[in-house]
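Colleague: Hi! Could you walk me through this one, starting with the ligand?

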Amino acid sequence: MKGKSTRKKDVNKLRRNRLSARIAVITIFLSLFSIIVIEASFINMRSIIKRYDEILDVDYTIRELMSSVMSDINKHESIVFHHMVSGEPAERRALMNDENDVRLRLKNTMSTLEEKVKTTHYESGYHELFSDVTGYMNNADIVIDLSRDREEQTANFFVRTMLSPIVNSIDGKVHTLDSMISKDIALTKTDVRNTTDMMRLIMRLIMIMLVFGTIFTVFYCTRISREMVSHDLLTGVLNFDELIRLGEKLGHKKRLVQYSGLAISIKDFKFINQEYGSNIGDIVLKNYATILNSKLERNEYLARNGGDNFVALVARDRADSYLKEIAKVPVDVGDKMGLTLTTRCGIYPISETDTIYDVINAGVIAVSETRRSGADDFIWFRRERRDEMFRQKDILNGYRKAIAEEEFVVYYQPKINLKTRTLCGCEALVRWIRNGEMVPPGSFIPVLENDGKVQELDFYVFDRVCRDIWDWQRRGIQPVRVSSNFSKLHLHNPNFAEDVLNVVDKYGADPYYLETELTESSGYEDLDAMIYFVNEMKEAGIATSMDDFGTGYSSLSLLRDINMDVIKLDRTFLRDQADAKEEKMVENIVKMIHDLNRKVICEGVVTEEQVEFLKRVGCTMAQGFLFDRPLSREDFEKRLINPYYS
Ligand code: C2E
Ligand code: MG
Ligand code: MG
């Protein structure tokens, strides 16, 4: 059993671990994915920006080169013009040096320009410009030659008709190219802006995705962990802790009373486990729980309380119909195999003062009642039974303190000799003074007997009895024989007699004044032990009596087998209107007891008529409220001093 529950725990742990691993993988995957996408976007962005930078770089350079071409052409043109009008050979030489510089610079600029335009669509424009520049240079050479030869008129004519139109054409081409480049630059800038906007959008989408991913993971993890905390992992229904939490919540809202508590288990479930193995057992539990759960309505709950035990909170007016639905539950166990399960159920209609714990306790007790042989599969646990259960619990809880704080006190009920109407003995009866109130033994002895605590209490009483007898003798008060009640449970103790004698020895009480009472029913259960005990007592000089004689089914055989000194007739012998036949019977029983050399006493005498009846049938001793109720020690001492009844 222990091994099985450990295995279950292991399985649950394994499931939890698997689940955690899955969640961890999802989280890691999401984070990694986001990091990769963001990183890729950055790289992409950087390369796009770099590419645009390069394009713009080229465009700006071409633009600069072309304006430098234009300014050099202009410069060249003005040198040529100066050359034409200058008369000084030295000045002309200087101008030709400048002209050479400009020409060289123009050549260099044009070849750099050629390099730069190679990757652009301005290449054809460049070639046109190049041919214009070359044309200009050739014509400029002609003008320079004409000027040198002093043919000003022809040179002038050449300048106007050839050189100036070419310069204008170059200017026009440079302007066209420049405006093309300006347009391209503007386009590229718009492109860059659009691309950056696009990238920003992508990044935002990724961020949103990441946020949603994180929210989803957190939500998923929370849901799973909440589910793990509140649900049973095998069956998926609520677990016990969750039921308690829910029950307390319903209790606070005063809504628990609207339910009936159902403690449910599967009939012969352990045989299913034994027969088919615990794997099938698990499937059965899972499917059974699923079916039970599916029959519930909104705001009704089902929880697993370990093993095949479930607790359901079902709306009070639906309990009967729910029970009908779950009485027989067909479950599928795989491999085309099915089982029909019978449900056992303890039903508890919840009252206003009940807590969820009361509900579960009541249900569990009721369902355990269904396990008794011949019991019904459904048992309703009524409030009275629950109250009785709590009363018993309360007694057991208070018992220890009661012993420790001497809350148990001994009362003495006189026994009377009917011939002389004098005190001839008494019975020690225990009372529990609890919170200032006297509790009669009938309400706690059976509970302590059930729990095996009564033996201790019997010896507690017997101890006080021995001490009182010793005390009365010491104080010169003449005692009477005191009988003490002992539960039949003592007969299971092989040292019972020895224990009794030890207490007697402890106080040095005179055994003559002692009597031990065992109920008649004790003999049915352990005749040998009773015979042994009675003999031991006899040997020690302590009297024995058979309590409640006549209540059992074989009183007479006990009379034969056990040699007790006193027989206590039960009060049932004292019928109010005993007819002649009955009287004859009682007379013969008394006679028989006397013939067997035993004494006889009748308990429960409440009227003078009963006294007369007892006298007629030959019973000369009685105990009853007619003479005295059980008395406190102080009151009883007064009886010892004045033993006469009127
Ligand atoms: P019991 O041994 O048969 O004790 C007699 C009971 O009858 C006592 O009830 C007594 O008060 C009651 N009684 C006496 N005369 C009358 C009467 O005229 N009318 C009525 N109606 N009742 C009368 P009590 O004291 O409540 O004890 C009930 C039972 O509790 C006892 O029945 C005995 O079985 C058990 N008991 C009491 N003290 C002890 C104890 O120390 N140990 C054990 N094991 N059982 C004890
Ligand atoms: Mg008794
Ligand atoms: Mg009795």
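Colleague: Which element gives the most to the shell around ligand 1?

Modeller: That would be β9, with four residues in the shell. Keep in mind as we go that this is a predicted model.

Colleague: Good to know. How many residues surround ligand 1, and which are the closest?

Modeller: There are 22 residues around ligand 1. The closest are E427, D458, D547, R571 and F625.

Colleague: And how do the shell residues divide into nonpolar, polar and charged?

Modeller: The shell around ligand 1 has nine nonpolar residues, five polar ones and eight charged ones.

Colleague: Let's talk polar atoms. How far is an oxygen atom of ligand 1 from an N or O atom in the side chain of N485?

Modeller: That distance is 3.0 Å for N485. An oxygen atom of the ligand is also 3.3 Å from a side-chain N or O atom of D548. For E603, the distance from a ligand oxygen to an N or O atom of the side chain is 3.5 Å.

Colleague: Nice. How much of ligand 1 does the protein bury?

Modeller: The protein buries 82% of the 790 Å² that ligand 1 exposes when taken alone.

Colleague: Where does ligand 1 sit, in terms of pockets?

Modeller: Ligand 1 is in the largest pocket. Three elements each give two or more residues to the shell around the ligand: β9 (422–434), α12 (454–474) and β13 (543–549).

Colleague: Changing topic: what about the backbone? What is the phi of D268?

Modeller: D268 is not a glycine, yet its phi is positive, at about 55°. For context, most residues other than glycine have a negative phi. D268 lies in the loop between β2 (259–266) and α6 (269–276).

Colleague: And N597, what is its phi?

Modeller: N597 is not a glycine either, and it has a positive phi of about 70°. You'll find N597 in the loop between α17 (580–595) and β15 (599–603).

Colleague: Is N597 buried or exposed?

Modeller: N597 has a relative accessible area of 70%, so it counts as exposed. D268 has 42%, so it is classed as partly exposed.

Colleague: Now P414. Where is it, and why does it count as buried?

Modeller: P414 is in strand β8, which covers residues 408–417. P414 counts as buried because its relative accessibility is 0%, and the cut-off for buried is under 20%.

Colleague: What separates the C-alpha atoms of P414 and Q623 in space?

Modeller: They are 6.4 Å from each other, although P414 and Q623 are 209 residues apart along the chain.

Colleague: How about T109, where is that one found?

Modeller: T109 belongs to helix α2, residues 89–117. With a relative accessibility of 7%, T109 is buried too. The C-alpha atoms of T109 and I62 are separated by 9.9 Å, with their positions 47 residues apart along the chain.

Colleague: One more, then I'll let you go. Where is A327 found?

Modeller: A327 is in the loop between α8 (319–326) and β5 (328–332). Its relative accessible area is 23%, so A327 is partly exposed.

Colleague: And how far apart are A327 and S294?

Modeller: In sequence, A327 and S294 are 33 residues apart, and in space they are 14 Å apart, C-alpha to C-alpha.

Colleague: Great, thanks a lot!

Definitions and conventions: Residues numbered from 1 in each chain as written. Chains lettered and ligands numbered in written order. Predicted model: local features only at pLDDT ≥ 70, side-chain atom pairs only at ≥ 80, totals over all residues. Heavy atoms only, no water. Near = heavy atom within 4 Å. Polar contact = N/O pair within 3.5 Å; in protein donor to acceptor, adjacent residues only side chain to side chain. Areas by Shrake-Rupley, 256 points an atom, 1.4 Å probe, with all protein chains shown as cover. 1 Å grid on protein atoms, 1.4 Å probe; cavity = no way out; pocket = protein on both sides within 12 Å on 5 of 7 lines; lining within 4 Å. Sits in = over half its atoms within 2 Å of the grid points. Nonpolar A, V, L, I, M, F, W, Y, C, P; charged D, E, K, R; others polar. Buried < 20%, exposed > 50% of the residue type's maximum accessible area, 1.4 Å probe, protein only.
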